[in-house]
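Student: I've got a new structure to look at and I don't know my way around yet. Can you walk me through it?

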Amino acid sequence: MVSRNSLSGPLDPTPDAGYVDPPARKGFFTDTSVCIGCKACEVACKEWNEVPSDGLNLLGLSFDNTGSLGADSWRHVAFIEQSRPVGAQSFEGPPTGPSGTSFLGMPGTALPGASQDGRTDLRWLMASDVCKHCTHAACLDVCPTGSLFRTEFGTVVVQEDICNGCGYCVSACPYGVIDRRETDGRAWKCTLCYDRLKGDAEPACAKACPTDSIQFGDLDELRERADRRVAALQGAGVTEARLYGHDESDGVGGDGAFFLLLDEPEVYGLPPDPVVTTKDLPDMWRHAGLAALAMAAGVVAAFAGARR
Amino acid sequence: MAEGGRGARRRGGGRGGQGAELMVPEADFRSYYGRAILKPPVWKHDVAIYLFTGGLAASSSMLAAAGDLTHRPELRRAGRASAMAALLASTFFLVKDLGRPKRFLYMLRVAKPTSPMSVGTWILTAYGGAAGLAAVSEAARATVVGSRLGVLDRPLVGVGRPAGLAAAAVAPALATYTAVLLADTAVPSWHEAYRQLPFLFAGSALASGAGVGLIAAGPDDLGPVRRLAVTGAAMELAGARSVRHRLGLLSEPYLTGRAGRLLQAGEMLTVTGITGALLGGHSRVLRRLAGACLLAASLATRFGIFEGGVESTKDPKYVVVPQRERMAARAAQEAERGHRTETVTPSDEAGTSSPTTG
């Protein structure tokens, strides 16, 4: 089932992987504007999937002691503390709350960040990150054993009984999601709860999310819902609201798990313009072929006419 | 605590009252507390060694085949022996680097054109069979006393040439696929170098094979081996130079730190080796030293390329800045196109602002 867009561009990955009449592609829409940073998703994921501890770490990064996604963290809640002086917000659009006293940036005796009427000039961004289940998944493309595969739901899953821990997927992922578990030697990542999906249940993180920041469903429907949500937020004056990973024409053909963000992606530790590395694979092989020819020619030239 | 990373990016004076902040030299990208976006490769130095041994095996087989066809037994013998040793080392280091070494045969479950590692496994398997047979044939020939061939010796000696030629035919693929192996990743400085790496690796392989040739060569073999060394070294030097200076920001990891020192050392060793081969070729000792220099140069260069890529995953700068530049170039292109055709009005774009527009 190789098509013109098999390596990059808009594509429905499930039929491309050879499934006949598959169910609708499933995914996550993570609306970070309603995330409260409770980390219930992280806990639920660990409980359901029996993901081992990633250590008791105090990272000193706001309330984030997970740090990043990895072999033992399949959901990761990021906490970003930003200084956003009230008086300066007008340059990026109207403020969202009732207007307060203009913050002049003068040193005062109040607690840092607190203004006279009790409002603060800090904002907290919280976002639950997860494997993106890319349309063009580099991890899956480069896996040499066939351990990584595309499920009938359009998601990307590691079969742990096949993985031999070569680590190629780790270097291929443009989001830094998948990693090798040191104690075990194999690669691990979010399965979008493949087992629960097979039982018509929603993934553990989405089930546990108390504010519906993590929404699970058919990807088409989620994309429409996300468009409405962005429009609503922007209409309410949250002009910085934008979607990330929803666009089928982006470098990975769109993500199965996409996000609504309130700042630029790199602020959340996400790459601003990820491109699946295999997009350039034909060109890479072309260059390798030319180099191989040059090599052969070099040997022939060195020995030609030197017969003795 | 304020937002992490290298401080907030300057926003064209949009925020008043922050004069003090503008005094600080600001980095031109933002990040999540300066943490890496990508995972560093889990590959250890085993893979860097394999880059060298794989290339050495390939060029040794080519040297052996050329020596066989042009009746240079020293080159044939040394080439086949060195190919066999490098092949065994390659297999060892590849298996050792796996998280589950006992499952190395799982590589042969599938043949996947989108996975350079799968393609490479099959290349190495095909090559290994042929090169192994050629080496066994060479060993059989060496154990033959006088002209008395045993029952097994005759076919074994006879199979040497076809097996050696088959190995030499696969060898260029073995030497260059490793460049695709590195480039087909999200590692910024590896992927960005995908046009240069195959030529660099091919040259580095040729130079290391010429190194073996220099060590083994008799006085009569010097001409072709020298030419081979010059060709390989020229490709290696040009490739390394290109990788270190043509990739913009993504060249930086190849110029600084350990990777920078390794590549510098590789360059110096290559120049030394070539000088020795051209000027001191008449002396057996100098010839061998020159050969050793070329081998060491190839090893240092492979380690330098490996390390440079690993470094580029550790700083979010190498992810964010080039991607932002790509986005800006795309936006400029689109703006120009819109300007030229004048069909797109500003309001068309306003409602559907992509994540790229902050």
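Tutor: Let's go through a sheet, some helices and the place where the chains touch.

Student: Sounds good. What kind of model is this, and how is it numbered?

Tutor: This is a predicted model: local features need pLDDT of at least 70, side-chain atom pairs count only at pLDDT 80 or more, and totals for chains, interfaces and linings use all residues. Residues are numbered from 1 along each chain as its sequence is written, while chains are lettered from A and ligands numbered from 1 in the order in which they are written.

Student: OK, chain A then. How many helices and strands does chain A have?

Tutor: Chain A has eight helices and ten strands. Both are DSSP runs, numbered from the N terminus: helices are H or I with at least four residues, strands are E with at least two.

Student: And how much of chain A is buried?

Tutor: Of the 308 residues in chain A, 50% are buried. Buried means that 20 or more other C-beta atoms lie within 10 Å of the residue's own; exposed means 12 or fewer, partly exposed is in between, and the C-beta atoms are placed from the backbone.

Student: Which strands form the open sheet in chain A?

Tutor: Four strands do, in the order E8-E1-E10-E9, with mixed pairing. Two strands pair if DSSP finds at least two bridges between them. The edge strands are E8 (214–218) and E9 (242–244) of chain A, each pairing on one side only. From one strand to the next, the twist averages 25°.

Student: What does E1 of chain A, residues 26–31, do with E8(A)?

Tutor: E1(A) and E8(A) run antiparallel and are joined by five bridges. A:Phe29 sits opposite A:Gln215 in E8(A).

Student: And how does E1(A) run with E10(A)?

Tutor: Those two run parallel, with four bridges between them. A:Phe29 also faces a partner there, standing opposite A:Phe258 in E10(A). E10(A) pairs with E9(A) too, in the antiparallel sense over three bridges, and A:Leu243 stands opposite A:Leu260 in E10(A).

Student: Why is E10(A) largely enclosed?

Tutor: Five of the five residues of E10 (257–261) in chain A are buried, so the rest of the structure largely encloses this strand. A:Ala257, A:Phe259 and A:Leu261 point one way, A:Phe258 and A:Leu260 the other, and all are buried. In a regular strand, side chains alternate between the two faces of the sheet.

Student: Switching to chain B. How many residues of chain B are in contact with chain A?

Tutor: 78 residues of chain B are in contact with 71 residues of chain A. Contact means the C-beta atoms, placed from the backbone, lie within 7 Å.

Student: Which helix of chain B gives the most to that side?

Tutor: H5(B) does, with eight residues. The side of chain B that touches chain A divides into 41 nonpolar, 22 polar and 15 charged residues. Ala, Val, Leu, Ile, Met, Phe, Trp, Tyr, Cys and Pro count as nonpolar, Asp, Glu, Lys and Arg as charged, and the others, Gly among them, as polar.

Student: Last one: is H11(B) mostly covered or mostly uncovered?

Tutor: H11(B) is mostly covered, with 23 of its 31 residues buried.

Methods: Two residues are in contact if their C-beta atoms, placed from the backbone, lie within 7 Å. Axes are lines fitted to C-alpha atoms, for helices over the stretch in contact, and angles run from 0 to 180 degrees between N-to-C directions.
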